[in-house]
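Work through the exercises below with the sequence and the coordinates at hand. Each task is followed by a solution in steps.

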Amino acid sequence: MHDEPTDAPAWAAPCAMGPLNAVVELPGSKSLTARALVLAATAAGPSALTGVLRARDTDLMIAALTTLGARFEEDGSPTRLRVTPAPLPFPVSRATRPGGANGPVRIDCGLAGTVMRFIPPLAALADAPVLLDGDGAARARPLGPLLDAVSALGARVDCQGEPGFLPVLIAPGALDDGSQRPGGGARDLAVDSAASSQFLSALLLAAPLLPGGARITPTGHVPSLPHVAMTVASLRERGVRVNEPAAGVPEGERAWAVAPGRPAGGEIAIEPDLSNAGPFLAAALVAGGSVRVPRWPAATTQAGDAWRDLLPRLGGTTRLIDEPDDSLTLEATGTGRLAGIDADLSNVGELAPTVAALAILASAQGRASRLRGIAHLRGHETNRLAAIVAEARRLGAPTRETADGIEIGALAAGSRLRPALLHSYADHRMATLAALIGLAIPGTLLDDVACTAKTLPGFTGLWERMLATAPSAAPGREVR
């Protein structure tokens, strides 16, 4: 775990002062924005993107793709971008270096998994070396299997510190033109994606740019398969042909085949972030009342659509509301009474911290929970399993790690959770976990609420406006 110090004052998480009656408008999906930016930057022609999430992760992606030679221009709003794609090979040799320094161009990954995973295969297609580095915690996020696949493309990969981790220098090598493969066919790539489905998505996004395309085989289990489905859908939306493995093919034998040909340009509208909707919808279960999120897509590849199933299992209800403009709104309602849950979250691991927050609060109501299939969360922004267990124990909830998840026991009759200074570990989802806990436990503090800007700028304002719909509101405040 990485709990980086911050000089910012602690945030007093506001309590819920009564049942809610809130409508929360959310910005665009981080995951869809990242894929849309990569595909627009590598397309055959210009693109117009609307609903773009502007947050630290996505701004780092824009900066990285600009370094590779793409051009991004705001079209009347930060969330509307006109994108001019980069030529191939990506002209990083012409990128500006700070202070006119010599040496390789540097790309800052921050703590963004999408940047540190999606960019390396593209860097193999550049005309000069690229050095990728990021925050201190980013240097603990695994990259080894992806870097092995990048080496297989012919690039020279030189880890500057621990092998398989940032910082890493990627220098282009001799990429064959496919003429030596039967029929100039697809390049065969293998990658162990057990640590992150982003390894597979990264290769899928780069595959159309390779001579002959690519056939990509994950060598074992792939967590968070909905994110891979999102990548495939994004490619197909841009006219790229992708063949997925047939149902029932065993792990280790499944392959995704991507035809060559740069993605098409055009107009792309990005959905609201359904994962970020989770803490707001879950607030209705804790505080009572209802929270509604407009523009819920009728069909989506986002993992956050699982809230429609998960929240009822945790003690709430959900329903889709047809609006007069033919859009949909998802409404979550609750009474403050929570249920424990036994859930396999292997396909929706990013939702686990919010589910865990509700499970921690349910433990005080005598309900135990078990979250399974999320061993890969040990390699996220922090070791999320260890972080959840540490913070739950700080609150007094009996919690332990298992091989593939966590178990949260029920408190003894008459016992209560206690307020505490909770830690974010520079992880936006651990910060929103703390905000949910604070709804029910007065005196809850959070060391770094600013890290929510990673994917949701203005989180505290959205949170407090939601709580202001209760009969009485207690705004969050900073304490020293």
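In sorting lining residues by class, Ala, Val, Leu, Ile, Met, Phe, Trp, Tyr, Cys and Pro count as nonpolar, Asp, Glu, Lys and Arg as charged, and the others, Gly among them, as polar. The model used throughout is predicted.

**Exercise 1. The second largest cavity**

Task: State the volume of the second largest cavity, name the residues that line it, and divide them by class.

Solution.
Step 1. The volume of the second largest cavity is about 70 Å³.
Step 2. Its lining consists of N276, P279, F280, H428, R429, T432, T452, T455 and L456.
Step 3. Helices α7 and α11 each contribute at least two of the lining residues.
Step 4. Sorted by class, the lining has 3 nonpolar, 5 polar and 1 charged residues. Under the class rule, P279, F280 and L456 are nonpolar and R429 is charged.

**Exercise 2. The largest cavity**

Task: How many cavities of 30 Å³ or more are there, and which residues lie closest to the centre of the largest?

Solution.
Step 1. The count is 5 cavities of 30 Å³ or more.
Step 2. The largest cavity holds about 310 Å³ of space. It is lined by 25 residues, and K30, Q198, H227, E350 and H380 are the closest to its centre.
Step 3. At least two lining residues come from each of α1 (30-41), α3 (113-123), α5 (197-206) and α11. The most come from α3, which gives 4 residues.
Step 4. By class, the lining of the largest cavity has 4 nonpolar, 11 polar and 10 charged residues.

**Exercise 3. Annotated positions**

Task: Which residues carry the UniProt feature "binding site", and which of these residues are in the lining of the largest cavity?

Solution.
Step 1. An unreviewed UniProt entry places "binding site" at K30, G113, R141, Q198, R384, R429 and K454.
Step 2. The lining of the largest cavity includes K30, G113, R141, Q198, R384, R429 and K454.
Step 3. Take G113, which is in helix α3. G113 has a relative accessible area of 5%; the cut-off for buried is under 20%, so G113 is buried. Apart from neighbours within four places in sequence, G113 is in contact with F118, R141 and Q198.
Step 4. Take K454, in the loop between β23 (445-446) and α12. With a relative accessible area of 6%, K454 is buried. Neighbours within four places in sequence aside, K454 is in contact with K30, A55, R56, D57, L111, A112, E381 and H428.

**Exercise 4. Two helix residues**

Task: Are L39 and T231 buried or exposed, and what is each in contact with?

Solution.
Step 1. L39 lies in helix α1 and is buried, with a relative accessible area of 1%.
Step 2. Leaving out neighbours within four places in sequence, the contacts of L39 are L205, S234, L235, R238 and P263.
Step 3. T231 lies in helix α6 (residues 225-237). The relative accessibility of T231 is 0%, so T231 counts as buried.
Step 4. With the same neighbours left out, T231 is in contact with R35, S201, L204 and L205. L205 thus appears in the contact lists of both L39 and T231.

**Exercise 5. The buried face of a helix**

Task: Which residues of α12 are buried, and why do they line one face of the helix?

Solution.
Step 1. Helix α12 covers residues 459-467, and F459, L462, W463, M466 and L467 are buried.
Step 2. Viewed down the axis of α12, these buried residues fall within an arc of 130°, so they line one face.
Step 3. An α-helix has 3.6 residues a turn, so residues three or four places apart point the same way.
Step 4. The buried residues of α12 pack against β1 (10-12), β2 (20-23), α7 (274-287), β15 (289-294) and α11 (428-440).

**Exercise 6. Helix α4**

Task: Which residues of α4 are buried, and what do they pack against?

Solution.
Step 1. In helix α4 (residues 144-152), the buried residues are G144, L146, L147, A149 and V150.
Step 2. They pack against α3, β8 (156-159), β9 (168-171), β10 (187-191) and α5.
Step 3. After α4 comes G154, with a positive phi near 105°.

How values were computed
Residues are numbered from 1 along each chain as its sequence is written. This is a predicted model: local features need pLDDT of at least 70, side-chain atom pairs count only at pLDDT 80 or more; totals for chains, interfaces and linings use all residues. Side-chain values use heavy atoms; hydrogens and water are left out. Buried means under 20% relative accessible area, exposed over 50%, partly exposed in between (1.4 Å probe, protein chains only). The arc is that of the directions from the helix axis to the C-beta atoms. Contact means heavy atoms within 4.5 Å. On a 1 Å grid over the protein atoms alone, a cavity is a set of points where a 1.4 Å probe fits but cannot get out, and a pocket is an open set with protein on both sides within 12 Å along at least five of seven lines; lining residues have an atom within 4 Å of a point. Grid points are joined across faces, edges and corners, and a volume is the space filled by probe spheres set on the points. UniProt positions are given in the numbering used here, feature names are shortened, and annotations may be inferred rather than shown by experiment.
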